[in-house]
Amino acid sequence: MRQAVTVFAALALAGCATSYRPPRTPPPLEWSGPIAGLMPAPGATATFHDGEHAEGSVLAQLDVTHARTAIIAEEVEYRSAYGGRKVIAAGSPARAEQLTLFVSSTYNPNAVNMNAGLDPIEWCTTTTDAEVVCIFWEDGQARYMDLYTTAAPRLLVPYDASGMPGPIPFIEEQAVDFGPPLQQQLTIRNIDRRGVDLFLTVSQDGVVGRRVPLRANWNALMRHGAFPGHAFRLTPIGDPENPAGASLESFSLPAGERAPPRRQN
């Protein structure tokens, strides 16, 4: 499963970091998409908890893992935005992500996709001090975006477009054992008369590394790529103007079908 994560350009750059420059020439194969992000773990199937739910309830869950993996085959050294020496050890496991640069400003609030022509994947790994770094491919060089954290190293991605230039690492694509699957959940955040606010979260060892807000209107048939082969519908419990909760009805879709049969009145 491909997951797109948006990177927004920041006006204030950290330390001596400079902005990512979208490439103008096609990337090599190991930096080419579209396969990236997360997918269901081998043998995993989504579990939907049909029935009545309140705010905070878990509607669905699925074990997921990385869709594309590699190792950094040779040691890489670069400088952080604050001038410190950073090292990625040879053999470090890496995960592919699809991070797309959108630029907006107070003068032009409409975000412009700077990767519309070429959108390479990115490789995220950890340094020898266990901090997360994501590596962007540019023409003739790489850009290293340090996250300066050790939390949820299999999930975190940068959310601004500044980083440090450095050498292009030698990426050797192969299966990598990252350990147990990650935990993906769909939970209820808020219920109102129009529908339900949801959170799609992915956790590593109990630490939420990704949280995406979603919205489901009452009685609307919902599908999301995070739960392939499934659809669901939420209906209000009690007074529609002041619902006491939400009732979940889920559907397993046969291969190739996009929607369950219509409800018969």
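**Exercise 1. Describe the second largest pocket, beginning with its volume.**

The second largest pocket has a volume of about 160 Å³, where a volume is the space filled by probe spheres set on grid points that are joined across faces, edges and corners. A pocket here is an open set of points on a 1 Å grid over the protein atoms alone, where a 1.4 Å probe fits, with protein on both sides within 12 Å along at least five of seven lines, and lining residues have an atom within 4 Å of a point. The model is predicted, and local features need pLDDT of at least 70, side-chain atom pairs count only at pLDDT 80 or more, and totals for chains, interfaces and linings use all residues. Residues are numbered from 1 along each chain as its sequence is written, and side-chain values use heavy atoms, with hydrogens and water left out.

The next step is the lining, which consists of 14 residues, and those nearest the centre of the pocket are Met-145, Asp-146, Tyr-148, Asp-160 and Ser-162. Strand S14 (141-146) and strand S15 (162-166) each supply at least two residues of this lining.

**Exercise 2. State how many helices and strands the protein chain has, and what share of its residues is buried.**

Counting DSSP runs numbered from the N terminus, with helices (H or I) of at least four residues and strands (E) of at least two, one finds zero helices and 22 strands in the protein chain. Of its 265 residues, 43% are buried, a word that stands for under 20% relative accessible area, while exposed means over 50% and partly exposed lies in between (1.4 Å probe, protein chains only).

**Exercise 3. Locate Ser-203 and decide whether Ser-203 is buried or exposed.**

Ser-203 has its place in strand S18, which covers residues 195-204. Its relative accessible area is 11%, and therefore Ser-203 counts as buried. Leaving aside neighbours within four places in sequence, the contacts of Ser-203 (heavy atoms within 4.5 Å) are with Leu-155, Leu-182, Gln-183, Val-208 and Gly-209.

**Exercise 4. Examine the salt bridges of Glu-138, Glu-173 and Glu-249, and say where each partner lies.**

Side chains of opposite charge can pair when their charged atoms come close. A salt bridge is a side-chain nitrogen of Lys or Arg within 4 Å of a carboxyl oxygen of Asp or Glu, and a search of the whole structure finds eleven of them.

- Glu-138 meets Arg-21 in a salt bridge at 3.6 Å, N to O. The two are 117 residues apart, with Glu-138 in strand S13 (residues 132-138) and Arg-21 in the loop between strand S2 (18-19) and strand S3 (38-40). Glu-138 is buried at 1% relative accessible area, whereas Arg-21 is partly exposed at 49%.
- Glu-173 meets Arg-68 at 2.8 Å, N to O. Here 105 residues separate the partners, Glu-173 being in strand S16 (residues 171-173) and Arg-68 in the loop between strand S6 (58-66) and strand S7 (69-72). Glu-173 is partly exposed at 38%, while Arg-68 is buried at 11%.
- Glu-249 pairs with Arg-233, the closest N and O atoms being 3.4 Å apart. Glu-249 belongs to strand S22 (residues 245-252) and Arg-233 to strand S21 (residues 230-237), 16 residues apart. Glu-249 is partly exposed at 32%, and Arg-233 is buried at 10%.

As a last step, salt bridges that share partners join Arg-21, Glu-138 and Arg-143 into one network.
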